[in-house]
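Good morning, colleagues. Please look at the model on the screen while I take you through one helix and its surroundings.

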Amino acid sequence: MTREASGLELPPLRSAVEGIAWPGIPEDNAAQLLAACFQLDRSQWWAPEVLQDHQLRQLGSVLRHALATVPYYAEAFRGLDVDNMGWTRFLALPLLQRNTLQTGFETLTSRQPPRRHGTVTVGQSSGSTGKPIKFFVTEVSQL
C-alpha cells in the first residue's frame with residue numbers, strides 16, 4: 001500500500017531556495033531532520049541483527065565519550081571494554097539513579113561536549129517528585 005492510499009500522504013517540502021518549488025530544498029536544520037527521518041524510515045525494515053549492530057556501534061561511541069569526558073562515568077565504568085560491548089554486557093550496566101543525578105550533577109557533566117553538537121544549554125524537569133533534575137541539551141539533541 002502506498003502512503004497516499006493509506007492516508008499518510010506527506011505534505012510537500014517547503015523549499016528554502018527562492019524560485020524552487022519542487023523538489024523542495026530545505027534549510028540546513030530541516031535537511032538534517034529529513035536525512036535522519038530518511039535513515040530511520042529505511043532502517044525500520046532491517047533485520048534485527050543489523051539494527052542491533054548499528055545501535056551497538058552508536059552505544060560504543062557514546063560510552064567512549066562518557067568515559068573520556070564525564071568524571072562520574074570515568075570512575076563508574078573504569079576498565080569497561082566498550083569495543084566489545086554486546087547486548088548482554090550493555091543490559092548489565094548499572095542504571096543511573098535519580099538521586100545520583102540530583103546530587104552529582106557536576107560529576108555527570110561532560111568536560112568537553114562534542115563541538116559539532118552545537119550550543120549547550122541547561123534544561124530542568126518540573127520537579128513533580130519534589131526536586132527538579134537539571135540536564136544539558138545541545139542543538140543535536142533538540143533536532
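Let us begin with helix α2, which has 22 residues and reaches 31 Å from its first C-alpha to its last, close to the 32 Å expected at 1.5 Å a residue. I should state at once that this is a predicted model.

Which residues of α2 are buried? They are Leu56, Leu59, Gly60, Leu63, Ala66 and Thr69. The buried residues of this helix pack against α3, residues 71–76, and α4, residues 87–92.

I turn now to the largest nonpolar core. It is made up of 11 residues, among them Leu56, Leu59, Leu63, Ala66, Val70, Tyr73 and Phe77. Helix α2, residues 48–69, provides the largest share of this core, 4 residues. Val70, a member of the core, touches His65, Thr107, Leu108, Thr109 and Ser110, if residues up to four places away in sequence are not counted.

Next, the pockets. The largest has a volume of about 1,000 Å³. Its lining comprises 34 residues, and the closest to the pocket centre are Val62, His65, Ala66, Val70 and Tyr73. By class, the lining divides into 25 nonpolar, 8 polar and 1 charged. Here α2 gives the most, with 6 residues.

The second largest pocket holds about 360 Å³ of space. Its lining includes Trp46, His54 and Arg57, and divides into 4 nonpolar, 6 polar and 1 charged. Both α1, residues 28–43, and α2 supply at least two residues each. What share of this lining comes from α2? The helix contributes 6 residues, the largest share.

Thank you for your attention.

Terms used:
Residues are numbered from 1 along each chain as its sequence is written. This is a predicted model: local features need pLDDT of at least 70, side-chain atom pairs count only at pLDDT 80 or more; totals for chains, interfaces and linings use all residues. Side-chain values use heavy atoms; hydrogens and water are left out. A nonpolar core is a set of buried Ala, Val, Leu, Ile, Met, Phe, Trp, Tyr and Cys residues joined through side-chain atoms within 4.5 Å. Buried means under 20% relative accessible area, exposed over 50%, partly exposed in between (1.4 Å probe, protein chains only). Contact means heavy atoms within 4.5 Å. The expected span of a helix is 1.5 Å times one less than its number of residues. On a 1 Å grid over the protein atoms alone, a cavity is a set of points where a 1.4 Å probe fits but cannot get out, and a pocket is an open set with protein on both sides within 12 Å along at least five of seven lines; lining residues have an atom within 4 Å of a point. Grid points are joined across faces, edges and corners, and a volume is the space filled by probe spheres set on the points. Ala, Val, Leu, Ile, Met, Phe, Trp, Tyr, Cys and Pro count as nonpolar, Asp, Glu, Lys and Arg as charged, and the others, Gly among them, as polar.
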